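Me: I would like to go through the reasoning behind some of the labels used for this model. Please set each value against its definition.

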Amino acid sequence: PDHVEPAHSHPTSEVIYLTEGELTVGETRYSAGSFLFIERDTRYGPLRAGSEGATFLLTRVRRPAKEQS
């Protein structure tokens, strides 16, 4: 509950599925059932869990091997 993750980025794209609670990313609030897609190298956040916390499934999408350097 009330956890804050600072703004950051990742070298892979991400898909986040919020299963419980609320999560605010930047200025946008998401509730259970929301999907978020974040393109690789995109700075996003901060992420703020709601007062009841937030549970989510996070999948990182790697680039095909031939595209990796």
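Reply: The model is a predicted one. Buried means under 20% relative accessible area, and exposed means over 50%.

Me: Why is Leu23 called buried?

Reply: Leu23 has 4% relative accessibility. The cut-off is under 20%, so Leu23 counts as buried. Leu23 is part of strand 2.

Me: What makes Leu23 a member of the largest nonpolar core?

Reply: A nonpolar core is a set of buried residues of certain types, Leu among them, joined through side-chain atoms within 4.5 Å. Leu23 is buried, and the largest such core lists Leu23 together with Ile16, Leu18, Val25, Leu36, Ile38, Tyr44 and Leu47, eight residues in total. Strand 2 and strand 4 (35-38) each supply at least two of them; strand 2 has the largest share, four residues.

Me: Which residues does Leu23 touch, neighbours up to four places away in sequence not counted?

Reply: Leu23 touches Leu18, Thr28, Arg29, Tyr30, Leu47, Arg48, Ala49 and Ala54. For Leu23 and Arg48, 25 residues apart along the chain, the C-alpha separation is 5.6 Å. Leu47 in turn is in contact with His3, Val4, Glu5, His8, Leu23, Thr24 and Val25, with neighbours within four places set aside.

Me: Why is the pair His8 and His10 called a polar contact?

Reply: The limit for a pair of N or O atoms is 3.5 Å. The side chains of His8 and His10 are joined at 3.1 Å, which is within that limit, so the term applies. His8 sits in the loop between strand 1 (4-5) and strand 2 (13-25). Beyond four places in sequence, His8 contacts Thr42, Arg43, Tyr44 and Leu47.

Key
Residues numbered from 1 in each chain as written. Predicted model: local features only at pLDDT ≥ 70, side-chain atom pairs only at ≥ 80, totals over all residues. Heavy atoms only, no water. Helix = DSSP H or I, 4+ residues; strand = E, 2+ residues; numbered from the N terminus. Polar contact = N/O pair within 3.5 Å; in protein donor to acceptor, adjacent residues only side chain to side chain. Contact = heavy atoms within 4.5 Å. Buried < 20%, exposed > 50% of the residue type's maximum accessible area, 1.4 Å probe, protein only.
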